[in-house]
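Work through the exercises below with the coordinates open. Each task is followed by a solution in steps.

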Amino acid sequence: MSEFGFDLGKMEIDCNMLGIGEVEKKAKEKTSDKYKKQAKLFLTENKVFNTENIKKRTYRYIYDKNLIPVPEKGEQIRIRTQQQMNLITIILKVIDIYSEIEELTISTYTINREAMSILTQLKDGGKIKRVNLLISSSYGFRDPKWYEEIKALCIGHKMHLTFAWAHFKITLIEAKGNYFQIEGSMNYSTNNMAEQLLLENSETTYMKDYEFINSIMTDRKNKALEIIC
């Protein structure tokens, strides 16, 4: 088991490794333009072409994605961070390593337009074969317009969607024989001041949570659920 506590937001230039002229050149560059350009290249390679909803912070993490850890088989990683990060960046990190995801199951309280835009494009581009979403039904009154848009997007992009009166946050990723389980306080939106995550690569843990979430998503007798597609 590995445990990390680190600043996911660090991205420093080591001036001791550069000549004086190079340092001056680097200083003249707009760092935001640099990482945005490279992040867009990565997204384009993965068939994410519409970047209208993607925020500056997400570009930063895509550019510096090596800071985001992914557990090996049998490994568990704990993250504590005060950096704002959308959980969609971990999905992108897994795709960066394994090229594609066989199945992605997300249970979350919040998913914003940024995450949904990336998710639908990855699905359409074949980078994610199957997507299951279990989202808090509180959207019905928190943001009724987005609530209806989520339904339309999932139907249009052939993703499985169930709304439930739930607050737990678990992401399951099956990729090239790896079974990742991610749980914690972070949502698929810009997080608050401090968040914690637990990442594990274990088929046993994955299957227990997969069966649990799937049983909820498909329980048509439960009147507290709204099974969309």
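**Exercise 1: a salt bridge between distant parts**

Glu100 counts as partly exposed, because its relative accessibility is 23%, where partly exposed is the range between buried (under 20% relative accessible area) and exposed (over 50%), with a 1.4 Å probe and protein chains only. The model is predicted: local features need pLDDT of at least 70, side-chain atom pairs count only at pLDDT 80 or more, and totals for chains, interfaces and linings use all residues. Residues are numbered from 1 along each chain as its sequence is written, and side-chain values use heavy atoms, with hydrogens and water left out.

Task: find which side chain meets that of Glu100 in a salt bridge.

Solution.
- Apply the criterion: a side-chain nitrogen of Lys or Arg within 4 Å of a carboxyl oxygen of Asp or Glu.
- The partner is Lys129, at 3.7 Å from N to O.
- Place both residues: Glu100 is in the loop between H4 and strand E2 (101–108), and Lys129 is in strand E3 (residues 128–136), 29 residues apart. Helices (H or I, at least four residues) and strands (E, at least two) are DSSP runs, numbered from the N terminus.
- Lys129 is partly exposed, at 45% relative accessibility.

**Exercise 2: helix H7**

Task: state which residues pair with Glu149 and with Lys151 in salt bridges.

Solution.
- A search of the whole structure gives five salt bridges.
- Glu149 meets Arg113 at 3.3 Å, N to O. This pair links helix H7 (residues 144–156), which holds Glu149, to helix H5 (residues 113–124), which holds Arg113, 36 residues apart.
- Both ends are partly exposed: Glu149 at 27% relative accessibility and Arg113 at 33%.
- Lys151 meets Glu226 at 2.9 Å, N to O. Lys151 is in helix H7 and Glu226 in strand E8 (residues 225–227), so the pair ties together parts 75 residues apart in sequence.
- Lys151 is buried, with a relative accessible area of 14%, whereas Glu226 is partly exposed at 27%.
- Salt bridges with shared partners join Glu148, Lys151 and Glu226 into one network.

**Exercise 3: aromatic pairs**

Task: classify the pair Tyr98 and Phe180 and the pair Tyr206 and Tyr210 as stacked or tilted.

Solution.
- Rings of Phe, Tyr and Trp (its six-membered ring) pair if their centres lie within 6.5 Å; planes under 30 degrees apart are stacked, over 60 edge-to-face and the rest tilted. The structure holds six aromatic pairs.
- For Tyr98 and Phe180 the centres are 5.9 Å apart and the planes at 45°, so the pair is tilted. Tyr98 is in helix H4 (residues 88–98) and Phe180 in strand E6 (residues 178–184), 82 residues apart. Both Tyr98 and Phe180 are buried.
- For Tyr206 and Tyr210 the centres are 5.8 Å apart and the planes at 10°, so the pair is stacked. Tyr206 and Tyr210 lie in helix H8 (residues 203–217), four residues apart, about one turn of the helix; both are buried.
- Ring pairs also link Tyr179 with Tyr206 and Tyr210 in a cluster.

**Exercise 4: contacts of Ala194**

Task: determine which residues Ala194 is in contact with, leaving aside its neighbours within four places in sequence.

Solution.
- Locate Ala194 in the loop between E6 and strand E7 (195–201).
- Ala194 is exposed, with a relative accessible area of 54%.
- Count contacts as heavy atoms within 4.5 Å; the result is Thr81 and Gln82.
- The C-alpha atoms of Ala194 and Gln82 are separated by 4.3 Å, at 112 residues apart along the chain.
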